[in-house]
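The following account considers an internal cavity and a helix pair in turn. The reader is invited to keep the model in view throughout.

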Amino acid sequence: MSDNTKSIDSTSVLPTRITRSMKGDPARVPEVQSACLIQYSGDTLGRRYVLSAPETTIGRSAAAAMVLADDSVSREHAKCIAAGNAVEIEDLGSSNGTFINDQRVQGRAALRDGDIVRLGSVHLKYFSRDSIENVFHDNIYRKATIDADTGIFNKQYLLESLDLAFMYSRAKSQPLSVIYFDLDFFKKVNDTHGHSCGDAILRECAQIMKSCLRDEDVLGRYGGEEFVVVLPNCDAQLAATLAERIRIAVESHAFVHDDKTIKQTVSIGVSENSPAFNTGKALLDDADRKLYQSKNSGRNRVTV
């Protein structure tokens with residue numbers, strides 16, 4: 001165990017198994033819905049960009065809040081301005097222009113639900129805050145990004161999101177954390193109750209996790225019974241708070257299948273970005289090591 005890793009069991013200050021004491025109540029972490037843009041062309045087809053900040057800069061530069069790695073996009077191409085439920089887009093003097101439904105934006109223009117935005121040759125679809133749930137029913141979005149078994153993001157989208165978040169974290173000197181989950185003794189659940197029961201528990205766990213996170217966090221299924229969350233602008237302390245919130249929610253949930261109540265727990269590893277990590281994958285691997293510390297320490301706990 002590394003020198004900066006601490007283990008805390010149920011005898012700690014918090015009535016939890018988290019590795020550091022946290023301020024605040026995990027149950028009070030806010031959930032905020034925001035408008036978003038969904039990419040409809042290019043290598044990252046289906047990517048979702050949340051417009052939760054008052055201003056979101058868009059460009060090819062890694063310093064942009066929304067990075068579009070396409071040569072037709074200027075380094076600083078455009079920005080979205082959010083005010084209440086309204087969002088406007090402003091061209092920043094780009095070489096190839098900013099278009100809404102094939103009409104070039106001169107200065108600043110309002111976005112309406114369903115608008116097609118084109119930056120250079122990259123197409124995106126705008127979803128307003130009021131209709132954010134429509135995103136999850138959009139066919140192209142689901143096929144490109146969603147794991148069919150759990151209804152959350154798939155591994156490919158998850159890793160792409162991690163790479164972009166890592167670049168942005170470095171460019172802006174902002175914190176970035178990763179949470180890595182594994183369902184405890186899940187093979188025993190499948191062997192005892194059948195794979196249909198296991199599949200149902202996976203789906204329920206995914207929804208429990210999703211309900212505990214912030215709007216900008218990216219939750220995905222990494223494989224089998226493993227889940228990962230990418231947390232932009234989030235330090236280890238807040239990440240551990242969110243992780244502990246999920247651990248408690250899963251442990252306290254009654255999973256019912258064929259009139260049988262089944263208890264499930266999760267082991268969790270949390271890691272924050274640091275100069276020691278050269279890639280997003282290195283950060284993820286560190287969270288994986290913390291996860292195995294949780295499993296080796298008795299499971300159903302969080303290690304930071």
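In this predicted model, helix α4 is the element that gives the most to the lining of the largest cavity, contributing 4 residues. A search of the whole structure finds 1 cavity of 30 Å³ or more, and about 30 Å³ of space lies within the largest cavity.

The lining of this cavity consists of C197, A200, I201, E204, F255, V256, H257 and I262. Two elements give two or more residues to the lining, namely α4 (195-211) and β15 (255-257). In character, the lining residues divide into 6 nonpolar, 1 polar and 1 charged.

Helix α4 also takes part in a helix pair. Its partner is α3, which spans residues 186-193. The axes of the two helices come within 6 Å and cross at roughly 135°. Angles over 145 degrees would count as roughly antiparallel, and those from 65 to 115 as roughly perpendicular; the crossing of α3 and α4 is therefore classed as oblique.

Which residues in α3 and α4 meet? From α3, the participants are F186, V189, N190 and H193; from α4, they are H195, C197, G198, I201 and L202. The residues of this contact divide into 5 nonpolar, 4 polar and no charged.

The two descriptions share residues of α4. C197 lines the largest cavity and also belongs to the α4 side of the contact with α3. I201 likewise appears in the cavity lining and among the α4 residues that meet α3.

How values were computed:
Residues numbered from 1 in each chain as written. Predicted model: local features only at pLDDT ≥ 70, side-chain atom pairs only at ≥ 80, totals over all residues. Heavy atoms only, no water. 1 Å grid on protein atoms, 1.4 Å probe; cavity = no way out; pocket = protein on both sides within 12 Å on 5 of 7 lines; lining within 4 Å. Points joined across faces, edges and corners; volume = space filled by probe spheres on them. Nonpolar A, V, L, I, M, F, W, Y, C, P; charged D, E, K, R; others polar. Axes fitted to C-alpha atoms, helices over the stretch in contact; angles between N-to-C directions. Parallel < 35°, antiparallel > 145°, perpendicular 65-115°, else oblique. Contact = heavy atoms within 4.5 Å.
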